[in-house]
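Me: I should like to learn how to read the features of a protein model. May we go through one together?

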Amino acid sequence: MRVVIAEDSVLLREGLSAMLPRFGVEVMAAVGDSPALLAAVREHRPELVVTDVRMPPDYTDEGLRAAVALRTEDPSLAVVALSQYAQHSYAGELLASGSGRSIGYLLKDRIGDVAEFAGQLRRVAEGGTVVDPEVVRQLMQHRRDPLKKLSAREREVLALVAQGHSNAAAARLLSLTEAGVAKHIGNVLTKLNLPVSDDTNRRVLAVLAYLRSRSD
C-alpha cells in the first residue's frame, strides 16, 4: 500500500514514516503543508493520503481543503484525515466525496497502537469508511441531528457502522445477534429514506446523513 503523509508536526510525521513500513505501508513522501501535499500526490500517485486537518500557513483546515481538491481530481483516492478534534468545515464535503467510500476521520490522540492504525489505513484503502468513535459521539449531539427519528439502539448500531464495524462485530459489541443488527440497520435505512441502488453503499449513505450535517 503506497501512502503520502502530510503532517506539520515533525515528530508525528517522522514517527509514522518510520513505523508504518513495518506493517507493509510504503511511504512515498512525507510533507508538512498542503501545497507540498498536492504536489506529492500528483507526483507519486499513492493509493492513500494521510493528512493533518490543520497545517501551515493559516492552521485552519488546509489539509481538509487539499484532500477535497484531490478527491475531486481522483474520487478513487483514499484519504484519512487526522485532527486534534472534530473539525466541521469541509468535513462533510470530504466525507461525501467518492460516494463516501475510502474515507477515514481519526483523532490524533487515538494513534497509540501503530498496528491498529495501519489496519485502519488498509481498511480505508480497500474502500471502507472509518470514523473515530469520539467524532461520531460529537456529531450525534448536533442540534440539527437528522437521526432524531431513530431509536437509541438504532443510533448505537449506526455509530458502530460509522466506525467501520461489520454486522458481526457490532453484534458482539452490543450483545445482539447478527440478524438483530441487520434488522436495526434495515430500520435505519428505511427511516432515513435512503435510495435503493445496486451502485450505492446505503450503509455509507446512512453514516453521511448525519456526518454532513455538521458542516451546515
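Me: Among contacts in the protein chain between residues at least 6 apart in sequence, what percentage join residues at least 24 apart?

Reply: Please note beforehand that this is a predicted model. Of the contacts between residues at least 6 apart in sequence, 66% join residues at least 24 apart. One such separation in sequence can be followed with a pair of residues: serine 9 and aspartate 52 are 43 residues apart along the chain, and their C-alpha atoms are 9.0 Å apart in space.

Me: Where is serine 9 placed, and is serine 9 buried, partly exposed or exposed?

Reply: Serine 9 belongs to the loop between β1 and α1 (10-19). Residues under 20% relative accessible area count as buried and those over 50% as exposed. Serine 9 has a relative accessible area of 29%, so it is partly exposed. For the protein chain as a whole, buried residues make up 50% of the 216 residues.

Me: How many helices and strands does the protein chain have, and in what order do the strands of the sheet lie?

Reply: The protein chain has 10 helices and six strands. When reading a sheet, one follows the strands from edge to edge. Here the order is β2-β1-β3-β4-β5-β6, in an open sheet with parallel pairing. The edges are β2 (26-31) and β6 (129-131); each has a single partner strand, so one side of each is left without a neighbour in the sheet. Neighbouring strands are turned by 15° against each other on average, direction ignored.

Me: How many bridges join β5 to β6, and which residue stands opposite glycine 104?

Reply: Strand β5 (residues 103-107) runs parallel to β6, and three bridges join the two. Opposite glycine 104 stands valine 130 in β6.

Me: Which strands do helices α2 and α5 meet?

Reply: Helix α2 lies across β1 (2-6), β2 and β3 (48-52), and runs at about 150° to β2. Helix α5 (residues 114-125) packs on the sheet and touches β3, β4 (78-83), β5 and β6, while its direction makes about 140° with that of β4.

Me: How do the axes of α2 and α3 cross, and which residues meet there?

Reply: For two helices, one reads the distance and the angle between the axes. The axes of α2 (residues 34-44) and α3 (residues 62-73) come within 9 Å and cross at roughly 25°. Angles under 35 degrees count as roughly parallel, so α2 is roughly parallel to α3. Their crossing is right-handed. On the α2 side, Ser34, Leu37, Leu38, Val41 and Arg42 meet Glu62, Ala66, Leu70 and Glu73 of α3. The residues of this contact comprise five nonpolar, one polar and three charged.

Note on methods: Residues are numbered from 1 along each chain as its sequence is written. This is a predicted model: local features need pLDDT of at least 70, side-chain atom pairs count only at pLDDT 80 or more; totals for chains, interfaces and linings use all residues. Side-chain values use heavy atoms; hydrogens and water are left out. Axes are lines fitted to C-alpha atoms, for helices over the stretch in contact, and angles run from 0 to 180 degrees between N-to-C directions. Helices (H or I, at least four residues) and strands (E, at least two) are DSSP runs, numbered from the N terminus. Angles under 35 degrees count as roughly parallel, over 145 as roughly antiparallel, 65 to 115 as roughly perpendicular and the rest as oblique. A crossing is left-handed if the near helix is turned anticlockwise from the far one by less than a right angle, and right-handed if clockwise. Contact means heavy atoms within 4.5 Å. Ala, Val, Leu, Ile, Met, Phe, Trp, Tyr, Cys and Pro count as nonpolar, Asp, Glu, Lys and Arg as charged, and the others, Gly among them, as polar. Two strands pair if DSSP finds at least two bridges between them. Buried means under 20% relative accessible area, exposed over 50%, partly exposed in between (1.4 Å probe, protein chains only).
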